[in-house]
Amino acid sequence: MRILGISAFYHDSAAALVEDGKIVAAAQEERFTRVKHDPRFPKNSIDYCLQEANCALDSVDYVAFYEKPLIKFERLLETYLANAPRGFRSFQMAIPVWVKEKLFQKTGLKKSLKSLEGGDKWNQNILFTEHHQSHAASAFFASPFESAAVLTMDGVGEWCTTSIGRGQGNSLEIERELHFPHSLGLLYSAFTYFTGFKVNSGEYKLMGLAPYGEPRFTQVILDNLIDLREDGSFRLNQKFFNYCTGLTMTNDAFASLFEGPPRKAEDRLTQREMDIAASIQQVTQQVVLRLAREARKTTGEENLCLAGGVALNCVANGELLREGIFENIWVQPAAGDAGGALGAALSTWHQFLDEPRTPLGNHQDNMRGAYLGPSFSQSDIEDRLTKAGGVFEKHAEDSVIAMTADALADGKAVGWMQGRMEFGPRALGGRSILGDPRSPTMQKLLNLKVKFRESFRPFAPSVLREDVAEWFDIDTDSPYMLMVAGVTKDRLRTMTEEENALFGIEKLNVARSEIPAVTHVDYSARVQTVHRETNPRYHALISEFKQRTGCPVIVNTSFNVRGEPIVCSPEDAFRCFMGTDLDMLVVGDCVLRKEDQDPALAQDYKEAFELD
Amino acid sequence: MDFIVELWRFMRARRKFWLLPVIFMLTIFGGLLVLAQGSPVAPFIYSLF
């Protein structure tokens, strides 16, 4: 039996295909259309999923959509009614969208599905799961656990913004919920907006900025904005927010608490923004920890599954792990709305159809390392690169790995595209840019010359699972780069007095450990453990790099530039390679060196994408 | 027609019959707004829908 899950029409459209309970494919629409956070009907993702399962839509038994539009509409109406006449401008903007399109989403979905291959013969009903049920299902049913507590936190779905549930076997019950407008995701997004970053994409930047600041606003936030209770429940004081009725996230009252108006995008970052970032990060961690304690207490479970946009806050996840509230924590790698497509499909299989669930055992989850997207055969890669004008050499696998390890050890920046594309926002060695973490200049080089992004943003390390404890203060699997851990003490560099006295962004220029390119200013790192079982080629590459350098760690950042979706095809990879200062590109068994390429193929890549 | 049936089922399941006149009025009002303006694209910093 085949179930197609869809998330769409808000942001990060995606599709996922589940066959007899097994996840066959999942991909985000933005990767195909090259439009970041593309919210449109995920035609390309669906086409890909069906192709991966070697079928057309008429052999799909159920289609499941990741949320319930009418309940969302109910929330909108009740919110406008509760606040009337304030909010008229927002109402004036929102209602036409609904009257024209969103109220008729089911009909629209059916029409779009009918236009797909095999769609004319497809005549099944569409199922709708609730937004947080989709998140919870994506977290629990894909996890390695037989039973677990499930915590979901995001901006908002229908009404729910936070939920605590319990999963056992094939059942998943949501036990407690917090409702709109009280939302940890919206609180974090309000600060994302206030510090001048784009809501729904700049949250990572705010998190990355936090270690440069002092959390001097924490008490201000706790005293004014959020009434946080012992059990993790909270209420946001709407006096300071504008998202219910206005077109912005915060208002003047909010600004008066934080020493002035919001920062404008692309304005210089000041110490104030860094302090705000540090403060909201601290508050977020407090909320997450209290919610987790409550989940442990009410469910009695020793395992925890996390999903929802807030679960992508890997600093909070790392803190949760260190606190030891749960024995084991598993975070859905596609924790944002794209993962809702997968959750809707899994929920249909296990909950609606009541099909049994058997975890794989041995701590193995059902996500296959999140490598659920398209792959390209070697001959297809060669054809595509040739058509794109690429000059490449083809080598045996061993040589490809040896040459790449040599280039990395020489300090070169390498584009690495291998196997299936990742599902979720992180590049995990399928579509990655790699570098040498020991180089003190690598972070700046990659940020400014390759990724064209802000120099303060940290990079993450990929480390062999078997070596992780020797380099980082963590000894569990972290295959999805969703846990932050400190670099071990013996790898740290002793700082001079002058270096210790540096403030804010100045801290960036000081090497803090043996692997400075992946050591953030607070000595932490967003660790990805690499496993032979899920990505043997990537594991072999890092092993080879270790053989040359003694270091089982490499820099891993997503294969894209600022504002661009992560590359999907060999052509995307080649374009990005030619538009940036990458030295080498490795696609399958093809190796491309920058000096061999026709310079006329380089384009002004930096301006090609809208800034995120 | 499908939509009316869906809406009826939704109100029964959620026990929100009081929303019916509100939805009716707002839909008419919203329809007028649609006629009065061209594009339904909303310039929200964070649209909650």
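Pro85(A) sits in the loop between α3 (69-83) and α4 (88-100) of chain A, where helices (H or I, at least four residues) and strands (E, at least two) are DSSP runs numbered from the N terminus. A cis peptide bond, with omega about 0°, joins Ala84(A) to Pro85(A). Please keep in mind that this is a predicted model, in which local features need pLDDT of at least 70 and side-chain atom pairs count only at pLDDT 80 or more, while totals for chains, interfaces and linings use all residues. Residues are numbered from 1 along each chain as its sequence is written, and chains are lettered from A and ligands numbered from 1 in the order in which they are written.

## Backbone geometry in chain A

Pro85(A) has company: the peptide bond from Phe180(A) to Pro181(A) is cis too, with omega near 5°. Pro181(A) lies in the loop between β8 (171-179) and α7 (184-194) of chain A. Most residues other than glycine have a negative phi, and most peptide bonds are trans. With that in mind, here are some positive phi values to look up.

| Residue | Phi | Place in chain A |
|---|---|---|
| Asp20(A) | near 50° | loop between β2 (14-19) and β3 |
| Asn362(A) | about 55° | loop between α13 (339-352) and α14 (378-388) |
| Gly411(A) | about 85° | just after α15(A) |

How exposed are the two that are not glycine? A residue is buried if 20 or more other C-beta atoms lie within 10 Å of its own, exposed if 12 or fewer, and partly exposed in between, with C-beta atoms placed from the backbone. Asp20(A) counts as exposed because it has 10 C-beta neighbours inside 10 Å. Asn362(A), with 7 such neighbours inside 10 Å, counts as exposed as well.

## A loop residue with distant partners

Gln124(A) belongs to the loop between α5 (105-114) and β5 (126-128) of chain A. It is partly exposed, since 14 other C-beta atoms lie within 10 Å. Two residues are in contact if their C-beta atoms, placed from the backbone, lie within 7 Å. Leaving aside neighbours within four places in sequence, Gln124(A) is in contact with Asp61(A), Tyr62(A) and Val63(A). Tyr62(A) and Gln124(A) are 62 residues apart in sequence, yet their C-alpha atoms are 6.6 Å apart in space.

## Helix α15 of chain A

Does α15(A) have the length expected of a helix, or another? The expected span is 1.5 Å times one less than the number of residues. For the 13 residues of α15 (397-409) of chain A that gives 18 Å, and the end C-alpha atoms are 18 Å apart, which agrees.

The buried residues of α15(A) are Val400(A), Ile401(A), Thr404(A), Ala405(A), Ala407(A) and Leu408(A). They cover an arc of only 160° around the axis, so they sit on the same side of α15(A); the arc is that of the directions from the helix axis to the C-beta atoms. An α-helix has 3.6 residues a turn, so residues three or four places apart point the same way. The cover over the buried residues of α15(A) includes β14 (414-417), β15 (431-435), α19 (536-549), β19 (553-558), β20 (584-587) and β21 (590-593) of chain A.

## Domains of chain A

Chain A is assigned domain 1 (2-141 + 339-361), domain 2 (179-329) and domain 3 (378-601), with bounds from an automatic or database domain assignment. The centres of domain 1 and domain 3 of chain A, taken over C-alpha atoms, are 33 Å apart. Eight residues of domain 1 are in contact with eight residues of domain 3. On the domain 1 side, β3 (22-28) and α1 (30-33) of chain A are the elements that give two or more residues. The largest share there, three residues, comes from α1(A).

## Chain B and its contact with chain A

Chain B has two helices and zero strands, and 10% of its 49 residues count as buried. Its mean pLDDT is 78, with 82% of its residues at 70 or more; pLDDT is the predictor's confidence in each residue, from 0 to 100. The model scores ipTM 0.79 and pTM 0.94.

The contact between the chains takes 25 residues from chain B and 30 residues from chain A. On the side of chain B that touches chain A, α1 (2-14) and α2 (19-36) of chain B are the elements that give two or more residues. Here α2(B) gives the most, with nine residues.
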